[in-house]
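Reader: I would like to learn how to read sheets and helix packing from a model. Can you take me through one?

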Amino acid sequence: MEGPLAECAKGEHFHTVTPLLESWALSQVAGTTVFLKCENVQPAGSFKIRGIGHFCQEMAKKGCKHLVCSSGGNAGVATAYCARKLGIPATIVLPEGTSLKVVKRLQGEGAEVQLTGKVWDEANLRAQELAKRDGWVNVPPFDHPLVWEGHISLVRELKAALGTPPGALVLAVGGGGLLAGVSAGLAEVGWQHVPIVAVETQGAHCFNAAIKAGRLVTLPHITSVAKCLGAKTVASRALACTQEFEILSEVVNDVEAVNAVQRFLDDERMLVEPACGAALAAIYSGLLGRLQAEGRLQPSLVSVVVIVCGGNSIDSQELQALRAQLGQN
């Protein structure tokens, strides 16, 4: 065995160890030290490369001949990247309205792009159909144990960089894969007592809705501009995590998320997508301070880690359009 598959067999992963940066600007707002775990600088632009990379490598070892994924966002880019590294063909199935920029990005990674249906659900059905072919494997964007296992590496890096546990960890929730992986990671490194502030935007709040209902809830539509948080139903594992870990589920609105994107760009010279803005809004909107005032978080936190999850589906033009759409210009 030579080339990419040999690398895969040796267990060399596709993600990089990302920087953990202390943010002066966010620390000023939070009144405590804020560290940024910069997953936006991963090779495929988001944290997804950790879990999807692990999943794809395991599938390659089992003889997978073709990868298929129905995400035009971070999961699709991660799948296309992994496929190129593994030397395996990939097909990414997307709704017909997908932007040309996304299509070109995926084709640039060597993937075949198929446009099917009006919405993601229809594209997903097509992907599932393709995955019935011999040797083809459908890549789950967030709901799979191998994906969660891959995300554990993020917490191992935090432990190596910080040594001692932070006072809280802030992350955005879409389908719940990052939350499930980070929770497993906290348990592995002995940090299971660290509270997780899990943030969603209103209109993509399937996790918060599930917690309130005490069961999985399917949102009728995704109405938030944070399309990368756009899972209508959260992974059941994410809901199970609320029984085992201290998870504070919070919802911010689109304006708060997009304002956080703009402020973060001004403060840190990094442009991230609204899905990531949801997590940053926990600091910028004063949410963290409110949780402390309510006694749900310690009044004096040693430090806070914010997972800066990614920025594939944003550029300066898109940010201005979002601000205009939300009446912020």
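Author: We go through two sheets and two helix pairs in turn. Keep in mind that this is a predicted model.

Reader: Start with the sheet of 6 strands. What is its strand order?

Author: Read the order across the sheet, not along the chain. Here the order is 1-2-10-7-8-9. The sheet is open, and its pairing is mixed.

Reader: Which strands stand at the edges?

Author: Look for strands with a single partner. Strand 1 (20-23) and strand 9 (247-252) each have one, so one side of each lacks a neighbour in the sheet. From one strand to the next, the twist averages 25 degrees.

Reader: What packs on this sheet?

Author: Helix 7 does, touching strand 1, strand 2 (33-38), strand 7 and strand 10 (303-308). Its direction makes about 135 degrees with that of strand 2.

Reader: In what sense do strand 7 and strand 8 pair?

Author: Strand 7 (residues 168-172) and strand 8 (residues 196-201) pair in the parallel sense, over 4 bridges. For one partner, take Leu-169: its bridge leads to Ile-196 in strand 8.

Reader: Now helices. At what angle do helix 7 and helix 8 cross?

Author: Take the axes, then the angle. Helix 7 (residues 145-162) and helix 8 (residues 177-188) cross at roughly 55 degrees, and their axes come within 7 Å. That angle makes helix 7 oblique to helix 8. The crossing of helix 7 and helix 8 is right-handed.

Reader: Which residues meet there?

Author: From helix 7, they include Trp-148, Ile-152 and Val-155; from helix 8, they include Leu-178, Ala-180 and Gly-181. The contact divides into 9 nonpolar, 4 polar and 2 charged residues.

Reader: How do helix 11 and helix 12 pack?

Author: The angle between helix 11 (residues 254-268) and helix 12 (residues 274-284) is about 85 degrees, with axes 7 Å apart. Angles of 65 to 115 degrees count as roughly perpendicular, and helix 11 and helix 12 are therefore roughly perpendicular to each other. Among the residues in contact, Val-261 and Phe-264 belong to helix 11, and Leu-280 and Tyr-284 to helix 12. This contact has 10 nonpolar, 1 polar and 3 charged residues.

Reader: What is the pairing in the sheet of 4 strands?

Author: Parallel, in an open sheet with the order 5-4-3-6. Strand 5 (112-115) and strand 6 (136-138) are the edge strands, each pairing on one side only. The twist averages 20 degrees from one strand to the next.

Reader: Where does helix 5 lie?

Author: Helix 5 (residues 100-108) lies across strand 4 and strand 5, at about 150 degrees to strand 5.

How values were computed: Residues numbered from 1 in each chain as written. Predicted model: local features only at pLDDT ≥ 70, side-chain atom pairs only at ≥ 80, totals over all residues. Heavy atoms only, no water. Axes fitted to C-alpha atoms, helices over the stretch in contact; angles between N-to-C directions. Helix = DSSP H or I, 4+ residues; strand = E, 2+ residues; numbered from the N terminus. Parallel < 35°, antiparallel > 145°, perpendicular 65-115°, else oblique. Left-handed = near helix turned anticlockwise from the far one by under 90°. Contact = heavy atoms within 4.5 Å. Nonpolar A, V, L, I, M, F, W, Y, C, P; charged D, E, K, R; others polar. Pairing = 2+ DSSP bridges.
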